[in-house]
Amino acid sequence: MTRNIAILGSTGSVGRNALRVIDGLGPEYAIVALSAHSNVQLLAEQTKRHEPKFVAITNSDYAAALRELIGDLDVEVLSGLDGLTEIAELEGVDIVLSAVVGSAGVRSALATVRAGKRLAIANKESLIIAGELLTKAAKENGTTILPVDSEHSAIFQAMLSGSHKEVRRIILTASGGPFRKATVEDLQNVTLEQALAHPVWSMGPKITIDSATMVNKAFEVIAARWLFDIPVEKIEVLVHPESIVHSLVEFVDGSVIAQLGKPDMRLPIQYALTYPSRVPGICERLRLEEVGKLTFESPNLEVFRGLSLGFEVARTGGTAAAVFNAANEAAVEEFLAGRIRFVNIVELVEHCLNKNRVKRHVSLDELLEADAWARREVRNKVQKCVGAKS
Ligand code: MG
């Protein structure tokens with residue numbers, strides 16, 4: 001049986017890797033739709049190579065350029081964020097791999113599970129902002145959300161060793177990023193270049209910065225809470241610099257089940273597409289004798305304030321996670337643009353969390369309102385500070 005796959009966000013690093021994985025899987029995995037935000041050049045190349053039936057460009061300004069580039073190929077061009085939702089709802093799509101960056105992926109993720117389709121989710125923000133809505137909708141529509149993030153994929157796989165009520169705790173591993181050994185003072189002088197140099201994983205700039213602040217791990221705590229329906233009290237983070245053990249689950253009898261592999265995002269991408277089967281793929285095999293030693297340490301929550309905020313946010317629920325995510329996204333943008341310092345990222349996030357009045361049991365619109373508010377708040381605050389300096 002053919003599995004028809006749509007990749008939302010095909011020009012980003014997860015999207016490009018997914019295309020390589022699918023190429024290696026053979027003809028029963030077909031690409032039927034692709035999307036990008038603005039990288040028309042690459043999207044056009046991918047369209048020519050993989051011949052999907054639909055392509056979407058979410059930044060409508062580029063729609064004409066895309067049409068020109070793909071010429072007379074037999075493919076329908078959609079545009080705007082609605083294009084993603086349209087793709088998610090297409091009858092000929094079985095699996096939606098959402099690798100969109102940011103909150104732009106929420107509506108199409110929801111549309112996917114509401115249509116009863118498998119959602120392979122790499123777009124962490126959807127789970128952070130709307131994890132409660134998404135997992136509820138998946139349950140109601142009898143479908144599964146397959147995590148693409150290496151840690152969540154590991155937990156998903158380890159969870160298959162017991163029943164949900166037999167889980168004592170889940171342990172998310174973290175590489176610790178480039179500042180694992182840093183002190184609170186060291187972080188004050190971090191440059192953009194240092195923050196972008198991740199020791200293990202090669203990823204896009206936004207997530208690389210999130211790894212450096214460990215806010216990424218905070219996101220994973222929040223996402224795990226929803227993906228696995230686990231209270232925050234049962235979630236722990238363990239720093240593991242080698243990034244070979246991708247995460248672990250401890251069961252009530254004391255057994256700890258881990259998933260190991262090379263730090264290669266193509267493996268969790270592949271598993272999310274082939275589950276419940278496992279098939280040979282293009283990933284390099286792990287040779288533990290070459291790794292030699294695996295080490296673990298507790299994270300320093302004083303240095304990585306962003307991580308402890310994540311646990312608080314996960315406990316608070318409601319709009320807190322949407323604010324956490326949006327404030328961070330806006331602050332990282334400011335940092336990448338050189339307008340603020342590294343430490344200001346988490347300071348701005350904390351500022352927004354303190355100022356936000358948490359609402360509970362909210363709709364998607366209310367979550368997106370909280371998201372928009374936090375972005376404005378960060379921009380205003382940065383403008384004021386930059387203005388005061390010049
Ligand atoms: Mg991860």
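This is a guided tour of the structure above, going from one selection to the next.

The model is predicted, so local features are described only where pLDDT is at least 70 and side-chain atom pairs only at pLDDT 80 or more, while totals for chains, interfaces and linings use all residues. Residues are numbered from 1 along each chain as its sequence is written, and side-chain values use heavy atoms, with hydrogens and water left out.

**Stop 1: a charged patch**

Begin by selecting E76, D82, E86 and E89, which gather in a patch of negative charge on the surface. A patch is built from residues with over 30% relative accessible area and no salt bridge, like charges being joined within 9 Å and nonpolar side chains (Val, Leu, Ile, Met, Phe, Trp, Tyr) within 5 Å. Asp and Glu count as negative and Lys and Arg as positive, while His and the chain ends are not counted; the place of a charge is taken as NZ of Lys, CZ of Arg, CG of Asp or CD of Glu. Accessible areas come from the Shrake-Rupley method with a 1.4 Å probe, and for residues only the protein chains shown count as cover. Helix α4 (residues 81-89) supplies the largest share of this negative patch, three residues, whereas E76 lies in strand β4 (residues 76-79). Helices (H or I, at least four residues) and strands (E, at least two) are DSSP runs numbered from the N terminus. E76 has a relative accessible area of 43% and is partly exposed, a term for values between buried (under 20%) and exposed (over 50%), with a 1.4 Å probe and protein chains only.

**Stop 2: a serine in helix α5**

Next, select S108 in helix α5 (residues 106-114). Is S108 buried or exposed? Its relative accessibility is 2%, so S108 counts as buried. Show G105 as well, and you will find the backbone oxygen of G105 3.2 Å from a polar atom of the S108 side chain.

**Stop 3: salt bridges**

Side chains of opposite charge can pair when their charged atoms come close. In a salt bridge, a side-chain nitrogen of Lys or Arg lies within 4 Å of a carboxyl oxygen of Asp or Glu, and a search of the whole structure finds 22 of them.

Select R180 and E297, which form a salt bridge whose closest N and O atoms are 3.1 Å apart. R180 lies in the loop between β8 (167-174) and α8 (184-188) and E297 in the loop between α13 (288-291) and α14 (305-316), so this pair ties together parts that are 117 residues apart in sequence. Both ends are partly exposed, R180 with a relative accessible area of 26% and E297 with 29%.

Move on to helix α11 (residues 215-227), where E220 and K217 lie three residues apart, about one turn of the helix. They form a salt bridge, with 2.7 Å between the closest N and O atoms, and E220 counts as buried at 1% relative accessibility, as does K217 at 6%. Which residues are linked with K217 and E220 in a network of salt bridges? Add K124, D149 and E151 to the selection to see that network.

**Stop 4: the loop between α13 and α14**

P299 has its place in the loop between α13 and α14, and with a relative accessible area of 17% it is buried. Select L238 together with P299: the two are 61 residues apart along the chain, and 6.3 Å separates their C-alpha atoms.

F296 is found in the loop between α13 and α14, where it is partly exposed, with a relative accessible area of 38%. F296 forms a nonpolar patch on the surface with L260, L288 and L294, and together they have about 300 Å² of accessible area.

**Stop 5: backbone details**

Finish with the backbone, starting at Y275 and P276, which are joined by a cis peptide bond with omega about 5°; P276 is found in the loop between α12 (266-274) and α13. Then select S243, in the loop between β9 (235-239) and β10 (245-251), where phi is near 50°, a positive value in a residue other than glycine. S243 counts as buried at 6% relative accessibility. The last selection is H361, in the loop between α16 (342-355) and α17 (364-389). H361 has a positive phi of about 50° although it is not a glycine, and at 71% relative accessibility H361 counts as exposed.

Conventions. Polar contact = N/O pair within 3.5 Å; in protein donor to acceptor, adjacent residues only side chain to side chain.
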